[in-house]
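Reader: Please take a close look at one part of this model, the sheet. How is it put together, and how does it sit in the rest of the chain?

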Amino acid sequence: ANGQEAIAQWMAWQPHLIFMDMRMPVMDGYEATRIIKASKIKPNSIIIALTANAFEEQRESMMATGCDDLINKPFREEEILEKISQYLGIQYIYQPEFYPILDSRIPTKKQILTTDELLTLLSQMSDEWIAKVYNAAAQCSDDLILQLLEKIPSENAVLNNYLTDLAHNFQFEQIMEAMSIINHQEC
């Protein structure tokens, strides 16, 4: 929530790597980084700055503060995992996703439903439900979206998995577009 809390958590956990938001209330990430890097507590944590579109002078300032690297917001999960691997030597073993219903049409992160397929799947849901999902996405509430997805009938697993993947990856605009498809079709 703020730089002072970041320092308190660092002292309690002594992590090997920290993702530090540079803009925080009370104490910003620059000051929190300076304090952590000046400490004699081991391990000497690697600090990766999280910032919105850093210009070159901001990048230099973050590095001078003690940050070891930076990631621009919005960031992708892959960027975070790559930095963890790079700095901590972590190697990942990826497994194929498990779906309770083995259906070759169930979307994965690499598979996208066509507009017609999506329209067919959404036509099975009520207008009220579609409006609620749209509003939850407009509020960027993945928790509310996931609660609403529980109301999808089990025979509509393709839609459930597709929207669950979008919600888990914070693709709120895509969810809103999907919900808009059905509304435009009815007009």
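Author: Two residues are in contact when heavy atoms lie within 4.5 Å. On that basis, and taking contacts in the chain with a separation of 6 or more, residues 24 or more positions apart account for 53%. The model is predicted.

The sheet belongs to a chain with nine helices and three strands. Along the sequence, the elements follow the pattern α-β-α-β-α-β-α-α-α-α-α-α.

The sheet itself is open and has three strands in the order E1-E2-E3, with parallel pairing. Its edges are strand E1 (17–21) and strand E3 (69–73), each of which pairs on one side only. From one strand to the next, the twist averages 25°.

Strand E2 covers residues 46–52 and runs parallel to E1, to which it is joined by five bridges. Within this pair, Asp-21 stands opposite Leu-50 in E2. A helix also packs on the sheet here: helix H2 (residues 29–38) touches both E1 and E2. The direction of H2 makes about 155° with that of E1.

As for the chain around the sheet, 36% of its 187 residues count as buried. The exposed surface of the chain comes to about 11,900 Å², and carbon and sulfur atoms supply 52% of that area.

In short, the sheet is an open one with parallel pairing, and helix H2 packs on it through contacts with E1 and E2.

How values were computed:
Residues are numbered from 1 along each chain as its sequence is written. This is a predicted model: local features need pLDDT of at least 70, side-chain atom pairs count only at pLDDT 80 or more; totals for chains, interfaces and linings use all residues. Side-chain values use heavy atoms; hydrogens and water are left out. Helices (H or I, at least four residues) and strands (E, at least two) are DSSP runs, numbered from the N terminus. Buried means under 20% relative accessible area, exposed over 50%, partly exposed in between (1.4 Å probe, protein chains only). Accessible areas come from the Shrake-Rupley method with a 1.4 Å probe; for residues, only the protein chains shown count as cover. Two strands pair if DSSP finds at least two bridges between them. Axes are lines fitted to C-alpha atoms, for helices over the stretch in contact, and angles run from 0 to 180 degrees between N-to-C directions.
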